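The exercises below ask you to read a protein structure step by step. Try each task by yourself before you turn to its worked solution.

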Amino acid sequence: MEQSKKKFLKNMVGFSMVTWISFVLGFIASPIATRLFPTAEMGKLNLFNSYASLLSSICYLGMDQAFVRFFRETPGKSTKKSLFTFCVSVALGFSLLSTLVLSFFWKGVSTEIVGAADASVFICLGLFSFTLVIYRFLSLCYRMEQNAMLYTIQGVLHAVLTKIAYLFVGFTNPTGKAALVMLTVLMGLLTLVFVWLQRTRFDVHFASLTDRATVTAVGAFALPLVPLSLLSWINSYTSPLVLKHLLGYSATGIYTSALGLASTINIIQTGFNTYWAPYVLENYQTDDSRRFYTVHRLMACLLTLFGLGITLLQTPVFMLLGKAYRSSVVFFPFLFLSPICYCLGETTGMGITISKKTYWTTIIFLFSAIVNIALCFVFIPAMGMSGAALASALSAVLTLLLRTRVGEHYYKVLSSYRYLFYTIGLMGAASFMNLYLTGVIKYAVLIGIALLALFLYRGEIRTLWTAAVQIVQSVLKRKKGGAA
């Protein structure tokens, strides 16, 4: 295997470690959480996380993506440190301003989350979203430096606190409010530690290096992404919010718990996306586009096989959950389609970022949000929680196709669209069969779909196996040489 491919796969695996460990921790946390907390209380906690994610995403003001884009091509007189400090300062300043403005409506905000006016819930929301903004930028530094080890350490500590540690409050006080207060305290402490550890990244004199050229370049790239943050959040959390208003907190708790299990696909998605963006921006001018197509094929293979594999194992997986949460098993596979489509879109729509046409990303996510909202109000009244999952899946597929079409216009990657249709077709078929079939017949059909996937992706499976063997051999040889 040529050296560049080895490096790519090694870095991808390295940046995936956080997600693998996070998956294990989440797998441990799910049985605990679903047995400690009633479905309605879990719904409140998950809504808190949803709104905190919304607030922090808006407060980024696109500065996180601008930092990624200009990390290796700093505009104007700015340096990496001054650019980082400028981007963080703008985002945190807007976070404080947003919390101040929302404080005039704290009763309505807290009522939306826990069903009653509660000032402490609103304070936790403001603090938690503020820490999320800081954590995001600190994490980006390790990512852009391709420092997999420190990125992993930081990410694992974050996963331990946000997936397991806060749950222990449930043994004495199993309420959503108690859990979200504990979560806020732990996240605040973690953030303070990493701000101290990375304090040398900040440039107190950044203002003198932030000239007009820097502000213009960063602003032109970041501003079109501001509405994207809201649209992305709407697209991700439309189903739980509509469920909450139509079916109540209990249905929201069941659905979001299943959504958490479906996020196991992030084992592949997150690790890949973390390394992929820096790699593309560093190599798109020199790499043969055929290599990007190869990555697209291999990702389609991995995502499809992983999704089908978890679908086949759904019964033992759902037995780990509390009894009240197991009804979501019927629509479980539909929830895989959204992260799968997003990840594939990263390999087919990269021309949008390369060409700096970020307004297209906003248009695409606006389309996705509108479709998702419309489908939710069509399917949820008729199908309940299954309708929410179906709406999310269909909007994700349509978004992937649109994103691919636009991205290919600016930077051609695909020699063929067949791997897109393989993935969508196989996962879509498995999802519908799982919804409408039962018993032995269902599993017989699902096994048949999995075997078809193995046949269609036989070439990619051989490539992945060969690469894995060569990487293992390379590591063993290096260790043997070091021991000698």
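A residue is called buried when its relative accessible area is under 20%, exposed when that value is over 50%, and partly exposed in between. Keep in mind throughout that the structure shown is a predicted model.

**Exercise 1. A phenylalanine at the surface**

Task: Decide whether Phe105 counts as buried or exposed, and find the patch to which Phe105 belongs.

Solution: Begin with the location, for Phe105 lies in the loop between helix H4 (80-102) and H5. Next take its relative accessibility, which is 52%, and compare this with the cut-off of over 50%, so that Phe105 counts as exposed. Finally look at its partners: together with Leu97, Leu100, Val101 and Phe104, Phe105 forms a nonpolar patch on the surface, and these residues have about 560 Å² of accessible area together.

**Exercise 2. The protein as a whole**

Task: State how many helices and strands the protein has, and what percentage of its residues count as buried.

Solution: Counting the secondary structure gives 22 helices and 0 strands. Of the 484 residues, 55% count as buried. The accessible surface of the protein comes to about 21000 Å², and 69% of this belongs to carbon and sulfur atoms. As a last step, consider the contacts between residues at least 6 apart in sequence, of which 83% join residues at least 24 apart.

**Exercise 3. The nonpolar cores**

Task: Find which residues have the most contacts inside the largest nonpolar core, and which helix gives the largest share of this core.

Solution: The general background is that, in soluble globular proteins, nonpolar side chains tend to be buried together. In this model the largest nonpolar core has 71 residues, and those with the most contacts inside it are Tyr51, Phe67, Ile113 and Phe137. The largest share of this core, 14 residues, comes from helix H6 (residues 119-144). Apart from this core lies another one, of 58 residues, including Ile254, Ala300, Leu303 and Phe336. To see the surroundings of one core residue, take Tyr51: leaving aside residues up to four places away in sequence, Tyr51 touches Glu112, Ile113, Leu125, Trp233 and Leu241.

**Exercise 4. Checking the length of a helix**

Task: Work out the span to be expected for helix H8 (residues 176-197), compare it with the distance between its end C-alpha atoms, and then say what covers its buried residues.

Solution: The expected span is 1.5 Å times one less than the number of residues. Helix H8 has 22 residues and should therefore span 32 Å, and since its end C-alpha atoms are 32 Å apart, the two values agree. The buried residues of H8 include Ala179, Leu183, Leu186 and Phe194, and the cover over the buried residues of this helix includes helix H2 (39-59), helix H5 (106-114), H6 and helix H7 (148-163). A loop residue can be added to the picture, for Tyr166, in the loop between H7 and H8, touches Ala179, Met182, Leu183 and Leu186, among others. With a relative accessibility of 8%, Tyr166 counts as buried. Tyr166 and Met182 are 16 residues apart in sequence, while their C-alpha atoms are 5.5 Å apart in space.

**Exercise 5. Salt bridges across the chain**

Task: For the salt bridges of Arg136, Glu112 and Asp118, name the partner, and say which parts of the chain are linked.

Solution: The protein has 8 salt bridges, and three of them are treated here in turn.

1. Arg136 pairs with Asp64, and their closest N and O atoms are 3.1 Å apart. This pair links distant parts of the chain, with Arg136 in helix H6 and Asp64 in helix H3, 72 residues apart. Arg136 counts as partly exposed at 24% relative accessibility, whereas Asp64 is buried at 5%.
2. Glu112 meets Lys244 at 3.3 Å, N to O. Glu112 lies in helix H5 and Lys244 in helix H11 (residues 226-247), 132 residues apart. Lys244 is buried, with a relative accessible area of 12%.
3. Asp118 pairs with Lys177, and here the closest N and O atoms are 2.9 Å apart. Asp118 lies in the loop between H5 and H6 and Lys177 in helix H8, 59 residues apart. Asp118 counts as buried at 18% relative accessibility, whereas Lys177 counts as partly exposed at 36%.

Note on methods: Residues are numbered from 1 along each chain as its sequence is written. This is a predicted model: local features need pLDDT of at least 70, side-chain atom pairs count only at pLDDT 80 or more; totals for chains, interfaces and linings use all residues. Side-chain values use heavy atoms; hydrogens and water are left out. A nonpolar core is a set of buried Ala, Val, Leu, Ile, Met, Phe, Trp, Tyr and Cys residues joined through side-chain atoms within 4.5 Å. Buried means under 20% relative accessible area, exposed over 50%, partly exposed in between (1.4 Å probe, protein chains only). Helices (H or I, at least four residues) and strands (E, at least two) are DSSP runs, numbered from the N terminus. Contact means heavy atoms within 4.5 Å. Patches are made of residues with over 30% relative accessible area and no salt bridge: like charges are joined within 9 Å, nonpolar side chains (Val, Leu, Ile, Met, Phe, Trp, Tyr) within 5 Å. Accessible areas come from the Shrake-Rupley method with a 1.4 Å probe; for residues, only the protein chains shown count as cover. A salt bridge is a side-chain nitrogen of Lys or Arg within 4 Å of a carboxyl oxygen of Asp or Glu.
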